Amino acid sequence: TALAVPTQPAIAGVGAPVPFDEARKALFPGSLINSVAALRIESALRYTNISESRRKQNLDDKKRAKYGPKNTLVVACSCSDDATPMADTLAGMLGKDLTNAGVDGVVSLDCGSGGMPSANIMSDVSAAAKKLSASSGGRDVSVVLIFGPHVGISKEGKVGYVERRVNDEESVGTSEYVKAGADDRAIADASKQAYKSIKSKVEAQIGAGGLGEGISEMTVVGGVTLNRSKFGKEKGEDAFYPLLAKQIKGDGSIAEIYAGAFGDREVIPKDRE
């Protein structure tokens, strides 16, 4: 999937508007580049009250969450047609920073071209968690699950297109919405609606059977990934439009961490409903 808004072409010079950023800020206000989103999530995982920890530099161990390099499993439920290398995705960055296994240890679930999870998402997560637990001396595992659709924004700021490199060849990915004649805002709205459908299925699957044996808690992060060109002078990091961040405990209780991680972002409230 991919999105766009009318913007002027890139203007050379320091401080010139960048079409990708102009488009994402107009259609996905509050979105931020993946590396910044990863840092915010990591802080939220380590401190249950991220806002207070930032203001007061509170390093009390009692506030630390259970995410260490030996027992953290990062899981990506992302679109199969997203050509971004794992190392450059939000899940890949979290895998690199949070786990001993690094990017190679990120578990990619079968979520199809639309990002919709298969019927056995938790069985796959449980199997991966058991494997990690066995390799770490029987420790309980903490899971970070990243999900959501993706949409491209071209170097000209057009939504629904993105320049990418596949098998060392440059190409332009075009969404089905563009092919159907949808405009930028319609494509943006469609990606947000796709997120809501995916969210409903992810939450239903987690709720159906619980976290599973050996998983102490799961942090669920959802949103829309905004793909950016990966070559030429306009190349840069993908961005993330954050819509959900919560921790599910083994007993089924839920701790909201969205406010601490992304509460200062001007995300459209109805997009989070």
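Let's start with what sits over helix α1: the cover on its buried residues includes β1 (32–33), α7, β8 (215–227) and β9. This is a predicted model, by the way, so please hear everything I say in that light. Helix α1 itself runs over residues 19–27. Its buried residues are Pro19, Phe20, Asp21, Ala23, Arg24 and Leu27. Note that Asp21 and Arg24 are on that list along with Phe20 and Leu27.

Since α7 came up as part of that cover, let me pick out one residue from it. Lys199 has its place in helix α7, which spans residues 184–209. Is Lys199 buried or exposed? With a relative accessible area of 16%, Lys199 is buried, because the cut-off for that label is under 20%. Leaving aside residues up to four places away in sequence, Lys199 touches Phe147 and Leu244.

Now compare another lysine. Lys235 is in the loop between β8 and β9, and at 53% relative accessibility this one counts as exposed. Again leaving out residues up to four places away in sequence, Lys235 touches Arg228, Ser229 and Lys230. There is also a pair here that is far apart along the chain: Lys235 and Ser154 are 81 residues apart, and their C-alpha atoms are separated by 9.6 Å.

Next, helix α4, residues 90–98. How many of its 9 residues are buried? The count is 7, so α4 is largely enclosed by the rest of the structure. Those buried residues are Leu90, Ala91, Gly92, Met93, Leu94, Gly95 and Leu98. And what covers them? The list includes α2 (34–46), β2 (72–77), β4 (141–147) and β9 (239–249). You'll remember β9 from the cover of α1 as well.

Let's stay with α2, as its packing against α4 can be described in some detail. The two axes come within 9 Å and cross at roughly 50°. That angle makes α2 oblique to α4, and the crossing is right-handed. On the α2 side, the residues that meet α4 are Asn34, Ser35, Ala37, Ala38, Ile41, Glu42, Leu45 and Arg46. On the α4 side, they are Leu90, Met93, Leu94, Asp97 and Leu98. Sorted by type, the residues of this contact divide into 8 nonpolar, 2 polar and 3 charged. If you look at the numbering on either helix, it helps to recall that an α-helix has 3.6 residues a turn, so residues three or four places apart point the same way.

Last topic: the cysteines. The structure holds 1 disulfide, and it joins Cys77 to Cys111 with an S to S distance of 2.0 Å. The angle about the S-S bond is -115°, and the link is left-handed. Where do the two partners lie? Cys77 is in strand β2, and Cys111 is in the loop between β3 (107–108) and α5 (121–135), so the pair ties together parts that are 34 residues apart in sequence. Both ends are out of sight: Cys77 is buried with a relative accessible area of 0%, and Cys111 is buried with 2%.

What about Cys79? Its closest cysteine sulfur is the one in Cys111, at 8.1 Å, which is too far for a bond. Cys79 counts as buried too, at 5% relative accessibility.

That's my tour for today, and I'm happy to take your questions.

Definitions and conventions
Residues are numbered from 1 along each chain as its sequence is written. This is a predicted model: local features need pLDDT of at least 70, side-chain atom pairs count only at pLDDT 80 or more; totals for chains, interfaces and linings use all residues. Side-chain values use heavy atoms; hydrogens and water are left out. Buried means under 20% relative accessible area, exposed over 50%, partly exposed in between (1.4 Å probe, protein chains only). Helices (H or I, at least four residues) and strands (E, at least two) are DSSP runs, numbered from the N terminus. Contact means heavy atoms within 4.5 Å. Axes are lines fitted to C-alpha atoms, for helices over the stretch in contact, and angles run from 0 to 180 degrees between N-to-C directions. Angles under 35 degrees count as roughly parallel, over 145 as roughly antiparallel, 65 to 115 as roughly perpendicular and the rest as oblique. A crossing is left-handed if the near helix is turned anticlockwise from the far one by less than a right angle, and right-handed if clockwise. Ala, Val, Leu, Ile, Met, Phe, Trp, Tyr, Cys and Pro count as nonpolar, Asp, Glu, Lys and Arg as charged, and the others, Gly among them, as polar. A disulfide is a pair of cysteine sulfur atoms within 2.5 Å.
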